[in-house]
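The following exercises ask the reader to work through a protein model step by step. Each task is followed by its solution.

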Amino acid sequence: MSERAPHLLVLSGWAGVVETALSLGFDVSFIGNTADFSPQDMDVLGRCRYVRAIPAEQVVACLEAAHHIHDRHPLDASISFGEFGMESSAVIADALGIRGIPLASVAATRYKDRMRDILADHPHLALGWARVESAEDLEKFHARYGLPLIVKPVAGSGSVGVRQLTTPDELRHTLDDARFWLQGSYLAEELVEGDELYSVETVTLDGRHAIAGISLCRLARHPNIAITEITVPPPAPYDRHTENISRTVRAFLDAIGHTWGLTHTEVKVAPDGRPVIIESQTRIGGYRIFKMVEHAGGVDEIATVLRSLLPGGESVTSPHLPPTTAVGMVVSLIPPSKRVRRTADAELLRAVEGVEDFEIAIRPGEIPLPVAANTKRPGLIWLRVADHAAAERTKREITRTYWVEFEDGDVWHPSF
């Protein structure tokens with residue numbers, strides 16, 4: 001009798017993860033919200049052993065469902081590659097004694113004060129910080145560290161609720177904002193200034209950290225800290241920081257006890273050249289960074305981690321800082337917040353050389369919302385090109401091809 005296929009529990013995410021796992025030979029069960037799944041996605045889930053339509057962020061409910069599945073058909077591993085299933089996946093793996101994302105590294109990255117506390121014992125990774133519960137706490141932090149500083153929710157992602165304070169007026173506005181302080185605890189940190197942010201995608205197998213790809217993320221002008229463009233790999237001269245960033249991220253992963261799985265870590269380079277960890281998550285990067293990493297350097301992060309869970313998976317390795325043969329990029333469309341009369345046909349973008357895909361939600365009669373966080377954008381366009389010069393040519397062609405006309409007569413073309 002042949003051995004049974006390993007039983008993998010996938011929490012949340014998209015049907016493509018389930019499809020990849022099935023193609024590798026896993027017996028798959030799924031827990032997550034399926035409300036937005038297409039008929040094709042549901043067809044993929046139909047090939048799973050068990051499906052439980054439970055929001056993956058409901059940790060206790062997911063744990064109970066996992067116990068129910070495990071009792072009927074033992075699970076071998078639990079995994080989540082998305083934002084909402086990480087905590088549930090780690091708790092399930094720990095509770096059932098199966099393979100999964102380490103509980104310690106999930107806890108360290110999900111709660112920013114816990115991460116800063118751990119890094120305080122590593123001077124080369126440390127940053128001035130404090131947990132602040134009130135305006136008085138923030139005043140004390142400011143008295144010690146001065147401006148600029150940043151205030152962010154203790155838990156969360158997507159830059160929601162984050163404030164950069166660079167002037168006395170910005171500080172005073174936050175101190176006096178009673179509604180802000182009703183939201184709960186915050187983390188105050190020294191602000192590493194600059195409009196360039198680096199995103200580092202890693203694959204860790206048996207405690208060995210490999211950098212799968214590094215991207216340059218451009219930020220909107222202060223005080224908006226939303227990301228407007230991501231490029232894998234960074235163009236010159238920003239690529240000069242690659243080695244130092246790589247060493248810093250690997251030291252960080254050691255410090256938090258990360259031993260297996262993917263991470264997405266954001267880094268800024270301080271004026272003295274020191275890479276500083278901004279935050280990290282035990283998941284893939286948003287905006288399809290994982291696909292851009294695959295285009296540029298050939299590393300399929302998800303498939304690599306899944307293969308390591310199969311019999312003989314201890315021999316699976318991942319290249320560290322693989323040479324890149326292409327450039328992946330995503331650019332944001334951020335039009336003015338005025339009522340739209342009409343737009344160019346977005347389908348025209350498919351004829352632009354280098355455009356791989358797009359998602360545009362700019363509609364006649366609507367007012368595009370201002371972008372204030374890395375959660376929703378009026379438009380995103382993904383590029384896959386041979387090099388950085390080709391990327392610039394494609395961006396110029398996008399500017400000529402796509403436009404928005406507003407009811408006041410203004411016509412907007414994207415600029416990058």
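**Exercise 1.** Determine how helix α7 passes helix α8, how the two are oriented, and which residues meet.

*Solution.* The model is a predicted one. Step 1: the crossing in which α7 passes α8 is right-handed. Step 2: α7 covers residues 135–145 and α8 covers residues 168–176; they pack at an angle of about 155 degrees, and their axes are 9 Å apart. Step 3: angles over 145 degrees count as roughly antiparallel, and therefore α7 and α8 are roughly antiparallel to each other. Step 4: on the side of α7, the contact is made by Ala135, Leu138, Glu139 and His142, which meet Leu171, Arg172, Thr174 and Leu175 of α8. Step 5: sorted by class, the residues of this contact are 4 nonpolar, 2 polar and 2 charged.

**Exercise 2.** State whether helices α3 and α4 are parallel or oblique to each other, and describe their contact.

*Solution.* Step 1: α3 (residues 59–72) and α4 (residues 86–96) pack at about 45 degrees, with a distance of 9 Å between their axes. Step 2: angles under 35 degrees count as roughly parallel, and 65 to 115 as roughly perpendicular; α3 is therefore oblique to α4. Step 3: α3 and α4 cross in a right-handed manner. Step 4: from α3, the residues Val59, Cys62, Leu63, Ala66, His67 and His70 meet Glu87, Ser88, Val91, Ile92, Ala95 and Leu96 from α4. Step 5: this contact of α3 with α4 comprises 8 nonpolar, 3 polar and 1 charged residues.

**Exercise 3.** Carry out the analysis for α4 and helix α5, and give the handedness of their crossing.

*Solution.* Step 1: α5 consists of residues 103–110, and α4 packs with α5 at an angle of about 155 degrees, their axes being 9 Å apart. Step 2: α4 and α5 are therefore roughly antiparallel to each other. Step 3: the crossing of α4 past α5 is left-handed. Step 4: Met86, Glu87, Ala90, Val91 and Asp94 of α4 meet Leu103, Val106 and Arg110 of α5. Step 5: the classes in this contact are 5 nonpolar, no polar and 3 charged residues.

**Exercise 4.** Locate the cis peptide bonds that lead to Pro148 and Pro233, and the residue Ser12 with its positive phi.

*Solution.* Step 1: the bond from Leu147 to Pro148 is cis, its omega being near 0 degrees. Pro148 belongs to the loop between α7 and β6 (149–153). Step 2: the bond from Val232 to Pro233 is cis as well, with omega near -5 degrees. Pro233 is placed in the loop between β11 and α10 (242–255). Step 3: Ser12, a residue other than glycine, has a positive phi, near 60 degrees. Ser12 sits in the loop between β1 (7–11) and α1 (15–23).

**Exercise 5.** Describe the second largest pocket: what is its volume, and which residues lie closest to its centre?

*Solution.* Step 1: the volume of the second largest pocket is about 390 Å³. Step 2: this pocket is lined by 14 residues, of which Leu219, Ala220, Thr228, Ser415 and Phe416 are the closest to its centre. Step 3: the elements that contribute two or more residues to the lining are β10 (208–219), β11 (227–232) and β14 (327–333). Step 4: by class, the lining holds 7 nonpolar, 3 polar and 4 charged residues.

Key
Residues are numbered from 1 along each chain as its sequence is written. This is a predicted model: local features need pLDDT of at least 70, side-chain atom pairs count only at pLDDT 80 or more; totals for chains, interfaces and linings use all residues. Side-chain values use heavy atoms; hydrogens and water are left out. On a 1 Å grid over the protein atoms alone, a cavity is a set of points where a 1.4 Å probe fits but cannot get out, and a pocket is an open set with protein on both sides within 12 Å along at least five of seven lines; lining residues have an atom within 4 Å of a point. Grid points are joined across faces, edges and corners, and a volume is the space filled by probe spheres set on the points. Helices (H or I, at least four residues) and strands (E, at least two) are DSSP runs, numbered from the N terminus. Ala, Val, Leu, Ile, Met, Phe, Trp, Tyr, Cys and Pro count as nonpolar, Asp, Glu, Lys and Arg as charged, and the others, Gly among them, as polar. Axes are lines fitted to C-alpha atoms, for helices over the stretch in contact, and angles run from 0 to 180 degrees between N-to-C directions. A crossing is left-handed if the near helix is turned anticlockwise from the far one by less than a right angle, and right-handed if clockwise. Contact means heavy atoms within 4.5 Å.
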